[in-house]
Each structure stands twice: as structure tokens, then as C-alpha cells.
Amino acid sequence: MYKYLITCVCLLFVGVCEAKLPDIDAHDVGRKVREIMRGHASHKKLTPDLARRILSNYDENLDINKTYFIISDIKEWTEPSDALLQQVIEDYNAHNFEIFDHIHQTFSQAIERRRRIEAAIDYQTLPLHVSVEEIKEMPWATSEEELVERLKKIRALQLETTAKFSEDA
């Protein structure tokens, strides 16, 4: 039980502490899209459905633990309009990946917000007895306040686990 809990917390800690942009460029995005299309017998060209999945997966991969983005940051990509999907397809066919640059810029802003939040967390007011289940598979935060509470729970869980680990050692 403790090994599982320690492993989960360590993985979360690595994800939380590593606040940098992935090293990816337009060439990588194009290569990955072509790889996805080759791997799916039903997708030999970029369709609106596939474009929707690509945008969603891209957001998910940038913020796996959902501790940077707030839903309003990415709503246009998680729930894309038909016009946006058509633009993604046209841009892809023209080897234009500006939308992913825009998502990256938004992620950079989310990283800065996260750093600001982390610096302002009062360790004296962290919640007690946080369960790993509370932070597993969370949906996107709906507000900065919800994001702050999420980060407090993660920090509290990290500290509690570290304390338990120290006691057991």
C-alpha cells in the first residue's frame, strides 16, 4: 500500500516540479499526425473527427495532470467549432501548424500562472488527509481558484507522504 502511494506521489511530484514546455516543433506535429493516420485504417486523410482528437490529445499531453490549464484557456480546442476544425485541416494540408504554436503560447502563460500560484501557496493552510483518489483523473479546473485548491491538495499529499516515508525509514 505504501509503495503504491509513494510511487503515485513521486510521479505527481515529478510532473508538478517539471514546469517547462515540451521540445516540439511544427515538423514533429506533422510527423505525428501522419503517423496517427498511417496507424488507422479508417483515417487516410485528416477529417474533422481526427482533427478534434488531435487537438484534444495535444492539450492532454501538454498538461497530463491537469495542473496548468484552466478549461477557459483551452475550451476552443477541447470543444472546437466546425470552422476551427476545417481551418486545422486546411492549415495541415498547407503544412501550417500555427494553431499548435498558439496552444504552446497559451501553455507558456499557464506555466507562468502556475509558478505564481505555487509561490503564493501558504503551507500553513494546506488541507489535511488528502486521498490519492481525490486527485486521480481530474477534469480540467474551471477557475483559477479551483486550480489553487487542486495544487494545495497535491502539495499536501506530497508532504504527508514524505512525512510517512520519513517515519518508516
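**Close-up views of salt bridges and a buried aspartate**

**View 1. R116, at 48% relative accessibility, is partly exposed.** The model shown here and in the other views is predicted. R116 pairs with E144 through a salt bridge between their side chains, with an N to O distance of 2.9 Å. This pair joins distant parts of the chain, since E144 belongs to helix α8 (residues 144-168) and R116 to helix α6 (residues 98-120), 28 residues apart. E144 has a relative accessibility of 29% and is therefore partly exposed, because that class lies between under 20% for buried and over 50% for exposed.

**View 2. R155 and E118 form a salt bridge.** The N to O distance between the two side chains is 2.7 Å. R155 is in helix α8 and E118 in helix α6, so this salt bridge ties together parts 37 residues apart in sequence. Are these two residues buried or exposed? Both R155 and E118 are buried, which means that each is under 20% relative accessible area.

**View 3. R114 joins E118 and R155 in a network of salt bridges.** The network consists of R114, E118 and R155, and the R155 to E118 pair of View 2 is part of it. In general, side chains of opposite charge can pair when their charged atoms come close. The count for the model is 12 salt bridges.

**View 4. K153 and E134 form a salt bridge.** Here the N to O distance is 3.3 Å. K153 lies in helix α8 and E134 in helix α7 (residues 132-135), so the pair ties together parts 19 residues apart in sequence. K153 is partly exposed, at 30% relative accessibility. E134 is likewise partly exposed, at 37%.

**View 5. D63 is buried and has no salt bridge.** D63 sits in the loop between α3 (48-62) and α4 (71-78). Which side chain of opposite charge is nearest to D63, and how far away is this side chain? The nearest is R114, at 6.0 Å. This pair does not count as a salt bridge because the nitrogen would have to be within 4 Å of a carboxyl oxygen. R114 does take part in the network of salt bridges with E118 and R155 shown in View 3. Apart from neighbours within four places in sequence, D63 is in contact with Y68, F69, F107 and W140.

Conventions
Residues numbered from 1 in each chain as written. Predicted model: local features only at pLDDT ≥ 70, side-chain atom pairs only at ≥ 80, totals over all residues. Heavy atoms only, no water. Helix = DSSP H or I, 4+ residues; strand = E, 2+ residues; numbered from the N terminus. Buried < 20%, exposed > 50% of the residue type's maximum accessible area, 1.4 Å probe, protein only. Lys, Arg positive; Asp, Glu negative; His and termini not counted. Contact = heavy atoms within 4.5 Å.
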